[in-house]
Amino acid sequence: MSQTSAQQAQELRNERLAKQREKAMKEARKAAVDAKIARLQHAKKQVTAVKSDVGTLKKNVKGKENQEDTWQGYHFTWYDDFVPGTFRSDYDAYHKELDTFLDAICDKITQLENESRDLGAGINWLVNALNSIGNAIEKLFN
């Protein structure tokens, strides 16, 4: 092998090492992003369950409200004062906040999924580049 070929081979090896390091960094970043996505999907399930529970509570309370004639006494008076006033406004505010929170989780999941796909595309590009460099090194020794 000539001096020029040896120099070219060393340059290609250095380039290959740089690409391998870059690939490893992208893989680590992608793994971290994918872990965040998994945690957010779990949080989304939990918030969705809470939202469902709140919806069930509203239906139950609404069902009792429609049975006024069967209630009497202190509990009915308290209920009758509480539900039309505080409960409805608090419920509506809480439900709206849950919707806003769920929307924010969905937005973040989408952002991270896009980032993960971009990282995956970068990793694929680096794998292709490494393959081409390996081929160039092999051709120098033929």
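## Working through a two-helix chain

Among the contacts in the chain with a separation of 6 or more, 87% are between residues 24 or more positions apart. Keep in mind that this is a predicted model. Let's take it apart in a few exercises.

**Exercise 1. Work out which helices and strands the chain has, and how much of the chain is buried.**

*Solution.*
Step 1: Start with the elements. You'll find two helices and zero strands.
Step 2: Now place the helices. α1 covers 3-65 and α2 covers 73-140.
Step 3: Turn to burial. Of the 142 residues in the chain, 22% are buried.
Step 4: Finish with the surface. The chain has an accessible surface of about 10000 Å², and carbon and sulfur atoms account for 53% of that.

**Exercise 2. Find the residues of the largest nonpolar core and say which helix gives the largest share.**

*Solution.*
Step 1: List the members. There are seven: Val47, Val54, Tyr91, Leu98, Leu102, Ile105 and Ile109.
Step 2: Sort them by helix. Both α1 and α2 supply at least two residues of this core.
Step 3: Compare the shares. α2 gives the largest one, with five residues.
Step 4: Zoom in on one member, Leu102. Leaving out residues up to four places away in sequence, Leu102 touches Lys44, Val47, Thr48 and Lys51.

**Exercise 3. Glu27 and Lys23 form a salt bridge; work out how they are placed along helix α1 and how exposed each one is.**

*Solution.*
Step 1: Check the distance. The closest N and O atoms of Glu27 and Lys23 are 3.1 Å apart, and the cut-off for a salt bridge is 4 Å.
Step 2: Look at the spacing. Because Glu27 and Lys23 are four residues apart in helix α1, about one helical turn separates them.
Step 3: Check exposure. Glu27 has a relative accessible area of 34%, so Glu27 is partly exposed. Lys23 is partly exposed too, at 22%.

**Exercise 4. Asp34 and Lys30 also pair up; describe their salt bridge in the same way.**

*Solution.*
Step 1: The closest N and O atoms of Asp34 and Lys30 are 3.1 Å apart.
Step 2: Both residues sit in helix α1, four residues apart, which is about one turn of the helix.
Step 3: Asp34 is partly exposed at 30% relative accessibility, and Lys30 is partly exposed with a relative accessible area of 23%.

**Exercise 5. Explain what the salt bridge between Glu115 and Arg29 ties together.**

*Solution.*
Step 1: Get the distance first. The closest N and O atoms of Glu115 and Arg29 are 2.3 Å apart.
Step 2: Locate the partners. Glu115 is in helix α2 and Arg29 is in helix α1, so this pair ties together parts that are 86 residues apart in sequence.
Step 3: Check exposure. Glu115 counts as partly exposed at 22% relative accessibility, and Arg29 does as well, at 35%.
Step 4: Put the pair in context. The structure holds four salt bridges, one of them being Glu115 with Arg29.

**Exercise 6. Decide whether Ser116 is buried or exposed, and find which residues it contacts.**

*Solution.*
Step 1: Locate Ser116. It lies in helix α2.
Step 2: Read its accessibility. Ser116 is at 6%, and buried means under 20%, so Ser116 counts as buried.
Step 3: List the contacts. Setting aside neighbours within four places in sequence, Ser116 is in contact with Lys30, Val33, Asp34 and Ile37.
Step 4: Link back to Exercise 4. Lys30 and Asp34, which Ser116 contacts, form a salt bridge with each other.

Terms used. Residues are numbered from 1 along each chain as its sequence is written. This is a predicted model: local features need pLDDT of at least 70, side-chain atom pairs count only at pLDDT 80 or more; totals for chains, interfaces and linings use all residues. Side-chain values use heavy atoms; hydrogens and water are left out. A nonpolar core is a set of buried Ala, Val, Leu, Ile, Met, Phe, Trp, Tyr and Cys residues joined through side-chain atoms within 4.5 Å. Buried means under 20% relative accessible area, exposed over 50%, partly exposed in between (1.4 Å probe, protein chains only). Contact means heavy atoms within 4.5 Å. A salt bridge is a side-chain nitrogen of Lys or Arg within 4 Å of a carboxyl oxygen of Asp or Glu. Accessible areas come from the Shrake-Rupley method with a 1.4 Å probe; for residues, only the protein chains shown count as cover.
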